[in-house]
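Got the viewer open and a selection box ready? Here is a short walk through the model, stop by stop.

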Amino acid sequence: MGYEEFVYPPCDRPLLEAYGGRFEALYVIVHPFVRVPERLAWRATRAYPSEEQIYATGEKVRWAEVAAETGLSGASGLNQALLTSINAIYPEFGDFGARNQLQQFLETGNVWMPNEGSFEPLLQPDFLDAFDTAGTGSLIFVPEFPSVDPVLPFLVSRLKERADPFPTRGSLMPEDASFLFTVDWDSFFTLLYGRRKFLRDFAARRKVEGFFANATTEHYWLNYAMGCATVTVSPEDWPVAR
């Protein structure tokens, strides 16, 4: 299998079946909400902050905190509200009441919604830590459309120093393809494939919010009615869905 094969997996099959089932486990990393200084809040700018502004001044806000503040029903409900807000799902699958609750929360505070469809700036140091822990000084970037754009190597040190721009969307992996980060257009989460222990240690070490996929989890895990697996969220302090 060449690097070009490691694009985001099909949305209509269980995610763990992707890439010929070569990976033992999958951790779905939810993109954190972003707390910013008052000068960058919606009330002050009416404009989403740039990646550099988020990287320099933003702070992670956990989905668990936003769900508790808004009364939305856990990870699936919050994901559904986010996707409804950007018109990324058909209206019949949307939750417009939840979208409005979320909008009110965001507009009255100093918190912005996460980035969608790209490697979230506040998670980039976490991703690079995975490569440091694996003992590799470089990574392979597979673009969203490798038939159009080239697969490129990057030095981890240069990405950490911001000497090279962080790739926007696609897949990141070490040369031995032992683990894989991949993000899809319009998604508020990044998939991390690899050995279960590696994933578990990474999530605990970096306090990365998300959940382990099971054998039937598909891309559209937001809505149980769409035939997806029940989401089991980790860490354990996630509010119980109402």
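Start by selecting Trp-112, which counts as buried because its relative accessible area is 10%, under the 20% cut-off. Keep in mind as you click around that this is a predicted model. Trp-112 sits in strand 4, residues 111-112.

Now show what surrounds that side chain. Leaving aside neighbours within four places in sequence, Trp-112 is in contact with Phe-33, Val-34, Val-36, Leu-40, Ala-41, Trp-42, Thr-45, Ala-47, Tyr-48, Pro-49 and Leu-106. Which backbone oxygen does the side chain of Trp-112 reach? Pick Leu-40: the distance to its backbone oxygen is 2.9 Å.

Zoom out to the sheet around strand 4. Three strands make up an open sheet here, in the order 3-2-4, with antiparallel pairing. Strand 3 (59-61) and strand 4 are the edge strands, each pairing on one side only. Select strand 2 (residues 33-35) along with strand 3, and you have an antiparallel pair held over three bridges. One residue to label is Phe-33, whose bridge partner in strand 3 is Val-61. Phe-33 is also among the contacts of Trp-112.

Before leaving, try a distance from Trp-112 to Leu-172. These two are 60 residues apart along the chain, and their C-alpha atoms are separated by 26 Å.

Next, go to strand 7 (residues 170-173) and strand 8, which pair in the antiparallel sense over two bridges. Ser-171 has Thr-182 as its bridge partner in strand 8. The two strands form a hairpin with six residues between them, and Ala-177 in the turn has a positive phi of about 55 degrees.

Is Ala-177 buried or exposed? It counts as buried, since its relative accessibility is 8%. Turn on its contacts, again skipping neighbours within four places in sequence, and you get Phe-6, Arg-22 and Phe-23. For a longer ruler, go from Ala-177 to Trp-221: 44 residues apart in sequence, and 25 Å apart C-alpha to C-alpha.

Carry on along strand 8 (residues 180-183) with side chains shown. Leu-180 and Thr-182 point one way, Phe-181 and Val-183 point the other way, and all are buried.

Add strand 9 (residues 189-194), which runs antiparallel to strand 8 and is joined to it by four bridges. Label Phe-181 and Leu-192: Leu-192 is the bridge partner in strand 9. Strand 8 and strand 9 make a hairpin too, this time with five residues between them, and Asp-186 in the turn has a positive phi of about 70 degrees.

The last stop is a helix pair. Select helix 6 (residues 124-133) and helix 8 (residues 196-206), which pack at an angle of about 130 degrees with their axes 11 Å apart. That angle makes helix 6 oblique to helix 8, and the crossing is right-handed.

Show side chains at the crossing. From helix 6 you should see Pro-125, Asp-126, Phe-127, Asp-129, Ala-130 and Thr-133 meeting Phe-198, Phe-202, Arg-205 and Arg-206 of helix 8.

How many of the residues of helix 6 are buried? Seven of its ten are, so call it mostly covered. Colour Gln-124, Asp-126, Phe-127, Leu-128, Asp-129, Ala-130 and Phe-131 to pick out the buried ones. Finish at Gly-135, just after helix 6, which takes a positive phi of about 75 degrees.

Key:
Residues numbered from 1 in each chain as written. Predicted model: local features only at pLDDT ≥ 70, side-chain atom pairs only at ≥ 80, totals over all residues. Heavy atoms only, no water. Buried < 20%, exposed > 50% of the residue type's maximum accessible area, 1.4 Å probe, protein only. Contact = heavy atoms within 4.5 Å. Polar contact = N/O pair within 3.5 Å; in protein donor to acceptor, adjacent residues only side chain to side chain. Pairing = 2+ DSSP bridges. Axes fitted to C-alpha atoms, helices over the stretch in contact; angles between N-to-C directions. Parallel < 35°, antiparallel > 145°, perpendicular 65-115°, else oblique. Left-handed = near helix turned anticlockwise from the far one by under 90°.
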